[in-house]
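Colleague: Could you take me through one part of this model closely, choosing a strand and explaining what surrounds it?

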Amino acid sequence: MNKQFLSLPNASPATADVLILPVPYEQTVTYKSGTANGPRAILAASDQLELYEEDMGWCPAEHMKLCVLEAVTSNADEKEDEFHFRLYEAVGNLKADVLFIALGGEHSITPAMVFARMPDGGTVVQIDAHADLRPSYQGSIFNHACPMHRLRARGYLLVQIGIRSLHAPEAAMMTGDEGISVYFDRALRNPDEWQRLLRHLSSLQGPVWLTIDMDGFDPSLIAGVGTPQPGGLGWHQGLDILAALLSNSSIDLRGMDIVELVPEPSRVSDMMAAKLVQKSISYWGKALGFDQRPANGSQVGVEDE
Ligand SMILES: [Mn+2]
């Protein structure tokens with residue numbers, strides 16, 4: 001696997017400002033397979049991104065140190081709960097004061113990482129076509145249809161964005177639970193509902209996790225997902241969500257993940273996921289004032305043409 005982001009040299013995990021963890025885990029997917037290849041495709045696509053990020057007008061890697069960590073992969077004879085516990089331990093051992101970005105892999109990987117990095121509760125913001133609120137699916141609580149149920153059961157507040165496919169008991173759970181805020185995809189076509197979402201994200205406080213299931217986006221933009229659904233967020237809507245959340249200085253972003261990418265021949269989907277990583281690093285870094293810090297990041301000494 002290409003083990004670099006933007007083809008930049010990796011800083012040591014101890015000095016990095018951004019930690020990127022590949023988690024090419026694929027155990028419970030039910031439709032299109034290939035999400036295990038997601039992390040490799042995102043890192044490969046990142047090689048084609050510019051070092052300059054045009055929205056914020058800076059080169060984040062001049063001022064920030066990046067590190068792509070060794071992937072956490074499943075062992076051949078490992079049970080699901082053993083894998084998720086190993087992921088929990090690996091993530092829990094990483095330093096706190098960084099932008100942590102996990103690259104999936106299927107959506108089932110999210111709870112273990114949230115439990116590890118946000119143990120005292122907080123808000124999980126989810127971009128997704130699916131509610132993922134099933135208590136179990138096909139006999140397993142670790143199925144990729146269940147991560148948000150596992151989080152809500154542990155008391156995390158949920159903000160679900162772009163939802164457009166759910167099972168009746170999931171709909172009932174949403175209506176009966178004030179800890180779940182849902183912004184349905186079709187409702188978000190109404191400008192008032194869209195503004196309500198952005199205000200909500202700008203007003204969040206405390207520990208936050210962002211989980212981006214790539215199928216939250218419109219599959220006419222990104223065909224490379226395991227369980228596509230018509231409709232969905234546009235690219236610029238995704239960036240507006242990212243900007244509203246990451247520029248909110250009242251939150252403590254404990255981490256984020258980008259999951260369920262299934263790389264496809266056009267590589268458009270892979271590039272979109274890679275660019276989401278680039279934008280996240282830029283928006284987060286700019287909001288924290290990294291642009292004012294010394295230029296000693298991963299890009300220093302690298303020729304940029
Ligand atoms: Mn999902």
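Modeller: Before we look at partners, it helps to know that two strands are said to pair if DSSP finds at least two bridges between them. The model is a predicted one, and the secondary structure of its protein chain comes to nine helices and eight strands. I will take strand S3, residues 99-104, which is mostly covered, since six of its six residues are buried; here a residue counts as buried if 20 or more other C-beta atoms lie within 10 Å of its own. In a regular strand the side chains alternate between the two faces of the sheet. In S3, Leu99, Ile101 and Leu103 point one way, while Phe100, Ala102 and Gly104 point the other way, and all of them are buried.

Turning to the neighbours of S3, strand S1, which covers residues 18-23, pairs with S3 in the parallel sense over six bridges, and within this pairing Val18 stands opposite Leu99. Strand S8, residues 251-259, also runs parallel to S3 and is joined to it by three bridges, with Met256 of S8 as the bridge partner of Ile101.

To place this strand in the whole, 51% of the 305 residues of the protein chain count as buried, and among contacts between residues at least 6 apart in sequence, 78% join residues at least 24 apart. A compact globule of 305 residues would have a radius of gyration near 19 Å, and the protein chain, with 18 Å, agrees with that.

Terms used. Residues are numbered from 1 along each chain as its sequence is written. This is a predicted model: local features need pLDDT of at least 70, side-chain atom pairs count only at pLDDT 80 or more; totals for chains, interfaces and linings use all residues. Helices (H or I, at least four residues) and strands (E, at least two) are DSSP runs, numbered from the N terminus. The radius of gyration is taken over C-alpha atoms; the globule rule is 2.2 Å times the number of residues to the power 0.38. A residue is buried if 20 or more other C-beta atoms lie within 10 Å of its own, exposed if 12 or fewer, and partly exposed in between; C-beta atoms are placed from the backbone. Two residues are in contact if their C-beta atoms, placed from the backbone, lie within 7 Å.
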